[in-house]
Amino acid sequence: MIEDRLRIGFIPLVDAAALIVAVDRGFAADEGLVIELVREVSWSNVRDKLNIGLFDAAHLLAPLAIASSLGIGHVKVPLLAPFMLGVNGNAITVSPALYEAVAADADGDLGDPSVSAQALARVVARRRRVGAELLTFGMTFPFSTHNYQIRFWMAAGGVDPDRDVRLVVLPPPYMADSLSSRQVDGFCVGAPWNSVAVELGIGRILHFGCDLMARAPEKILAVRAAWAANRADVLKRLLIVLGRASDFINNPAHGDEVASLLAVPDRIGVAPEIIRRTLEGRMRVAIDGASRIDADYILIGRDDAARPEPNSAAWLYAQMVRWKQAPLSADALATAQACFRPDLYDFALGAGAMRRRAPSDGVGAFTGPRFDPADIAKYLAAF
């Protein structure tokens, strides 16, 4: 068998699991792929190295592929997403002090995002009256589901995320340290970094990402469109091994092995127990041991979560328009939807029997109108 060598960049997050397992469990080698996984810290590094060809593929923020294809915020490089590496997996974590303040102002169940968002608005208003500094929240990148989720949540309570608080970009591994040093009051990030903050006793998970959106497109396998056209056979084999790795991850009998593979320092580099709990949706939310279980906390391949859906890309594009990152146009919407390639996924893995448990509009936000990709203007006008 002829070997094909690939360099693939990734960020140390649990939703890189399929890539890590595909390589370290030997599935890639079985398909004649020799893959070098390159651990990066920032999404801009991953994007730039993919765009200029230093990476053949990458673990990438789903909205960032759309932004690159539209030429927003950086050079224009068409990217494709033939495989969803992760759906859901984010959480909003706040400092103990902010949690207590929000809890004190909550009128109802704090587990309801509408209640917590309105309570945050009261905290923000009170701080403004006494001349306190704006609260600061971290998110991973302007073109990220983290950014859109935390904005969606805040705005639902009447908080203007561009005026009433400060949103700053931080690499995922630096979130807990930034909370510990009080540089931020909270953040929205992917697993396992919310759990790391809880284990350190410096953070409290306020909401899982799936509390805000039932089915949030998170990370993709990103490839350049030109590369995909020139290396179609290699891409097909890569998708096959990712599908095999996803099946392996979702077999409960492999939980300890998967957690150990992901835990090593040059992969994710956190305790295996944290990773295993994350994959099972069995999360500690506070240092006192309080926990929650939600099987949909993170989806890696399960329930057809790995199949990219153009409607999900449309929802991400709508968030770009809502937050003034992109103009609304039919051409831009078409470009965004064309980034997500279920045809490439189906060619490699087969459409199979659809097992999706996605909400009717594909997103399932906790508030606001039903998302309709055919009328984004009407959808956005409702806000």
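Where domain 1 and domain 2 of this predicted model come together, about 2,400 Å² of area is buried, and carbon and sulfur atoms give 73% of that figure. On the domain 1 side, the residues that lose the most area to domain 2 are V41, W323 and F366, which together account for 28% of what that side buries.

**The two domains**

Let's step back and see which parts of the chain are involved. Domain 1 is made of three stretches, 4–87, 217–271 and 299–381, while domain 2 covers 90–212. Taken over C-alpha atoms, the centres of the two domains are 25 Å apart. At their meeting place, 30 residues of domain 1 are in contact with 30 residues of domain 2.

What kinds of interaction are found between them? There are 8 residue pairs in polar contact between domain 1 and domain 2, but the count of salt bridges between these domains is 0.

Which elements of domain 1 touch domain 2? Four of them each supply at least two residues to that side, as you can find in the table.

| Element of domain 1 | Residues |
|---|---|
| α3 | 43–51 |
| α4 | 62–70 |
| β10 | 217–224 |
| α15 | 310–322 |

Of these, α15 gives the most, with 4 residues. Sorted by class, the side of domain 1 that touches domain 2 has 20 nonpolar, 6 polar and 4 charged residues.

**A pair of rings**

Now for the aromatic side chains. The structure holds 8 aromatic pairs, and one of these is formed by F27 and F248. Why is this pair called edge-to-face? The ring centres of F27 and F248 lie 5.6 Å apart and the planes stand at 70°, an angle over 60 degrees, so the pair counts as edge-to-face. The two partners come from distant parts of the chain: F27 sits in helix α2 (residues 27–30) and F248 in helix α12 (residues 232–249), with their positions 221 residues apart in the numbering.

**A charged pair**

Salt bridges do appear in the structure as a whole, where the count comes to 30. Have a look at the one in which the side chains of E36 and R7 meet, with 3.1 Å from N to O. E36 belongs to strand β2 (residues 33–39) and R7 to strand β1 (residues 4–10), so this salt bridge ties together parts that are 29 residues apart in sequence.

Definitions and conventions
Residues are numbered from 1 along each chain as its sequence is written. This is a predicted model: local features need pLDDT of at least 70, side-chain atom pairs count only at pLDDT 80 or more; totals for chains, interfaces and linings use all residues. Side-chain values use heavy atoms; hydrogens and water are left out. Domain bounds come from an automatic or database domain assignment. Contact means heavy atoms within 4.5 Å. Buried area is the accessible area (1.4 Å probe) that two parts lose on being put together, summed over both. A salt bridge is a side-chain nitrogen of Lys or Arg within 4 Å of a carboxyl oxygen of Asp or Glu. A polar contact is a pair of N or O atoms within 3.5 Å; within protein, one must be able to donate a hydrogen and the other to accept it, and residues adjacent in sequence count only if both atoms are side-chain atoms. Ala, Val, Leu, Ile, Met, Phe, Trp, Tyr, Cys and Pro count as nonpolar, Asp, Glu, Lys and Arg as charged, and the others, Gly among them, as polar. Rings of Phe, Tyr and Trp (its six-membered ring) pair if their centres lie within 6.5 Å; planes under 30 degrees apart count as stacked, over 60 as edge-to-face and the rest as tilted.
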